[in-house]
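Let's walk through this one together with a few quick questions and answers. Have a look at the model first.

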Amino acid sequence: DKREKDLLTYAKYNLNIILVDITVGGADFEIELHVKNNNHFRMILEDMKRKFSDIIRSYETFLYYKEYKWVYLPV
């Protein structure tokens, strides 16, 4: 679908979106953002909702303030 490709292109060229995951079942389209603050996050989310309201039916957000790195093998 053209609109889905437009959404993927939007995500590809947005410098704050660092990961795009297209899945089957559950969430069809997942992104990971790195943003400056909560206002910056909301600005990007509102922009996406405005531009793609015809294909975004619902969304959920998860905020992570710290991410840990797991090392499974000895260094």
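A salt bridge here is a side-chain nitrogen of Lys or Arg within 4 Å of a carboxyl oxygen of Asp or Glu. Keep in mind that this is a predicted model.

Q: Which residues are linked with Arg 3 in a network of salt bridges?
A: Start with Asp 6, which pairs with Arg 3 at 3.5 Å between the closest N and O atoms. Arg 3 also bridges to Asp 54, with the closest N and O atoms 2.9 Å apart. Put into one network, the partners linked with Arg 3 are Lys 2, Asp 6 and Asp 54.

Q: How many residues apart are Arg 3 and Asp 54?
A: The two meet in a salt bridge, with N and O as close as 2.9 Å. Still, the pair ties together distant parts of the chain, since Arg 3 sits in helix α1 and Asp 54 in the segment after α2, and the separation is 51 residues.

Q: What separates Lys 49 and Glu 46 along helix α2?
A: Their side chains meet in a salt bridge, 3.0 Å from N to O. Lys 49 is partly exposed at 24% relative accessibility, and Glu 46 is partly exposed too, at 41%. Because they lie three residues apart in helix α2, what separates them is about one helical turn.

Q: Which helix gives the largest share of the largest nonpolar core?
A: That core has seven residues: Leu 7, Tyr 10, Ala 11, Ile 17, Ile 44, Met 48 and Phe 52. Two elements, α1 and α2, each give two or more of them. The largest share is three residues, and it comes from α1.

Q: Which residue stands opposite Asp 21 in β2?
A: Strand β1 covers residues 17-22 and runs antiparallel to β2 (residues 29-33), with five bridges joining them. Across from Asp 21, on the β2 side, is Glu 30.

Q: Is His 40 buried or exposed?
A: His 40 belongs to helix α2, residues 38-51. Leaving out residues up to four places away in sequence, its contacts are Asn 16 and Val 35. The cut-off for buried is under 20% relative accessible area. His 40 has 14%, so the verdict is buried.

Q: What is the relative accessible area of Trp 70?
A: Trp 70 lies in the segment after α2. Together with Tyr 68, Tyr 72 and Leu 73, Trp 70 forms a nonpolar surface patch of about 670 Å² accessible area. Trp 70 itself counts as exposed, because its relative accessible area is 67%.

Definitions and conventions: Residues are numbered from 1 along each chain as its sequence is written. This is a predicted model: local features need pLDDT of at least 70, side-chain atom pairs count only at pLDDT 80 or more; totals for chains, interfaces and linings use all residues. Side-chain values use heavy atoms; hydrogens and water are left out. Helices (H or I, at least four residues) and strands (E, at least two) are DSSP runs, numbered from the N terminus. Buried means under 20% relative accessible area, exposed over 50%, partly exposed in between (1.4 Å probe, protein chains only). Contact means heavy atoms within 4.5 Å. Patches are made of residues with over 30% relative accessible area and no salt bridge: like charges are joined within 9 Å, nonpolar side chains (Val, Leu, Ile, Met, Phe, Trp, Tyr) within 5 Å. Accessible areas come from the Shrake-Rupley method with a 1.4 Å probe; for residues, only the protein chains shown count as cover. Two strands pair if DSSP finds at least two bridges between them. A nonpolar core is a set of buried Ala, Val, Leu, Ile, Met, Phe, Trp, Tyr and Cys residues joined through side-chain atoms within 4.5 Å.
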